[in-house]
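Work through the exercises below with the sequence and the model side by side. Try each task on your own before you read its solution.

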Amino acid sequence: MIYVRRMLQQALRVSGRSIFPLLKWMERWAEAASAAAAGQEGTKTALRTLDEMPGPSLEGVKRYGSMWKASFGPILTVHVADPALIEQVLRQEGQHPMRSDLSSWKDYRDLRGHHYGLLTSEGEEWQSVRSLLGKHMLRPKAVEAYDKALNNVVDDLIAKLRHSRHSQGLVTDIASEFYRFGLEAKGHIDQRLTTEAEKVARGEKVEGRYLTYFLSQTGLPMKTVYSNVTELLLAGVDTISATMSWSLYELSRHPEVQTSLREEVLSIMDGRSVPEAADVARMPLLKATVKEVLRLYPVIPANARVITERDVQVGGYLLPKNTLITLCQFATSRDPAVFPNPNEFQPHRWLNKDETHHAYASIPFGVGKRSCIGRRIAELELYLALARILMEFDVRPDPEGISVKPMTRTLLVPENVINLQFIER
Ligand code: HEM
């Protein structure tokens with residue numbers, strides 16, 4: 001009975017006037033109640049229910065600590081802002097992890113008769129495309145094969161930066177320059193994908209490395225191929241542009257780091273002018289710099305999971321299945337309990353053996369089966385572009401510039417345009 005009362009209180013708080021969420025919550029609470037009653041021995045007394053969790057409020061970590069609930073219209077979500085709790089959620093995410101419902105995106109695609117791509121598909125459909133794409137996008141050797149194509153795009157970027165300079169080498173709004181860079185890099189990969197897809201559709205034989213296997217071996221419908229191309233584009237352009245912008249913004253404001261990084265690049269290059277995948281693999285400070293940039297500015301500041309298979313235990317609470325769980329990555333990656341001087345740009349912290357961090361404290365690409373499939377390509381793209389920019393230019397702040405803060409527009413983006421000086425070396 002107590003469950004029914006709590007259930008109704010919770011449902012009314014969350015539902016507003018619509019009956020549908022009320023019914024949904026009744027279902028969830030009934031399930032939670034029966035799970036508890038069915039005797040999860042040993043945990044029965046210790047576990048608390050959603051009703052006992054602080055919230056609903058958006059005030060977050062400052063007010064409630066590491067776990068609280070909040071409502072967005074009829075949707076209730078549990079926020080988790082502690083590396084150990086994020087780990088608990090991700091370790092229970094099941095066979096086919098679901099990020100969130102993304103219902104408007106899905107409704108639009110249904111309406112237009114489009115297929116789903118990797119970002120939005122679920123269950124077996126997601127699994128089959130993920131396994132195929134994973135072979136070509138996550139294996140280090142397969143990704144290294146993109147370095148020539150990516151270096152062509154870096155050539156264009158360097159030429160464009162030279163061309164866009166005003167007096168004193170100032171380039172205004174660098175994010176839009178890097179947006180074109182992300183688009184072009186993605187374009188090179190997709191162009192290949194699409195050309196091969198068209199060959200397959202004509203029944204022609206397809207050869208080569210890259211993503212051709214994905215197309216030629218599977219017989220995927222063209223609509224699915226195109227949806228994947230669209231969604232890879234959606235996921236892969238702004239993310240690169242924002243990370244490039246923040247990297248150069250921070251390096252311009254930390255000339256000592258920029259100098260050490262340039263020294264590392266030049267020593268590995270030993271007189272050669274175009275770094276390749278094997279070169280950047282030997283540049284630890286470059287990797288640490290990108291890690292540090294993504295710690296401070298995780299492009300996706302909060303991620304989510306909906307665990308559909310069963311109720312889950314997180315931080316002493318029993319969360320009914322289908323609860324939307326928000327993983328607050330921005331909060332954990334700037335937590336002073338995990339990272340000393342959390343708001344400082346200190347790439348060397350990643351090279352210091354005495355400084356260890358919880359493995360889930362900074363996870364800008366996510367972790368596990370549903371983590372970013374573009375991670376290795378993104379990292380290679382960032383390493384190749386940053387290394388070459390530092391070889392060509394001394395990057396300095398805009399003499400009239402202001403400090404730029406991040407803001408959330410679903411993605412974490414700069415609040416103001418970033419202008420930087422690119423001084424020829
Ligand atoms: C700095 C660059 C990038 C960052 C920080 C980033 C971050 C992320 C994050 C946090 C996720 C969600 C992971 C999860 O739910 O656990 C994700 C998913 C995804 N990313 Fe990236 N990403 C980046 C670049 C890229 C690029 C360049 C591509 C494509 C070439 C890409 C393609 C995708 C796709 C397709 C997914 C969905 C994977 C799935 O649902 O199975 N990302 N990314």
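Helices (H or I, at least four residues) and strands (E, at least two) are DSSP runs, numbered from the N terminus. By this rule the chain has 17 helices and 11 strands. The model is a predicted one, in which local features need pLDDT of at least 70 and side-chain atom pairs count only at pLDDT 80 or more, while totals for chains, interfaces and linings use all residues. Residues are numbered from 1 along each chain as its sequence is written.

**Exercise 1.** Find where pLDDT, the predictor's confidence in each residue from 0 to 100, stays under 50.

Solution. Begin with the chain, which averages a pLDDT of 82, with 81% of the residues at 70 or above. Then look along the sequence: the values stay under 50 over residues 1-44. Where pLDDT is low, the predicted coordinates should not be read in detail.

**Exercise 2.** Check the length of helix H6 (residues 123-137) against the expected span.

Solution. The expected span of a helix is 1.5 Å times one less than its number of residues. Helix H6 has 15 residues, so a span of 21 Å should result, and the 20 Å between its end C-alpha atoms agrees with this.

**Exercise 3.** Decide whether Val 153 is buried or exposed.

Solution. A residue is buried if 20 or more other C-beta atoms lie within 10 Å of its own, exposed if 12 or fewer, and partly exposed in between, with C-beta atoms placed from the backbone. Val 153, which is found in helix H8 (residues 147-164), has 23 other C-beta atoms within 10 Å and is therefore buried. In space, Val 153 lies 8.9 Å from Ala 385, C-alpha to C-alpha, although 232 residues separate them in sequence. In helix H6, Trp 126, Val 129, His 136 and Met 137 are buried as well, and over the chain of 425 residues 36% count as buried.

**Exercise 4.** Work out which strands stand at the edges of the sheet E3-E11-E8.

Solution. Two strands pair if DSSP finds at least two bridges between them. The three strands form an open sheet in the order E3-E11-E8, with antiparallel pairing. Strand E3 (170-171) and strand E8 (393-397) each have a single partner strand and therefore stand at the edges, so that one side of each has no neighbour in the sheet. Strand E8 pairs with strand E11 (residues 420-424) over five bridges, and Arg 396 has Gln 421 in E11 as its bridge partner.

Technical notes: Two residues are in contact if their C-beta atoms, placed from the backbone, lie within 7 Å.
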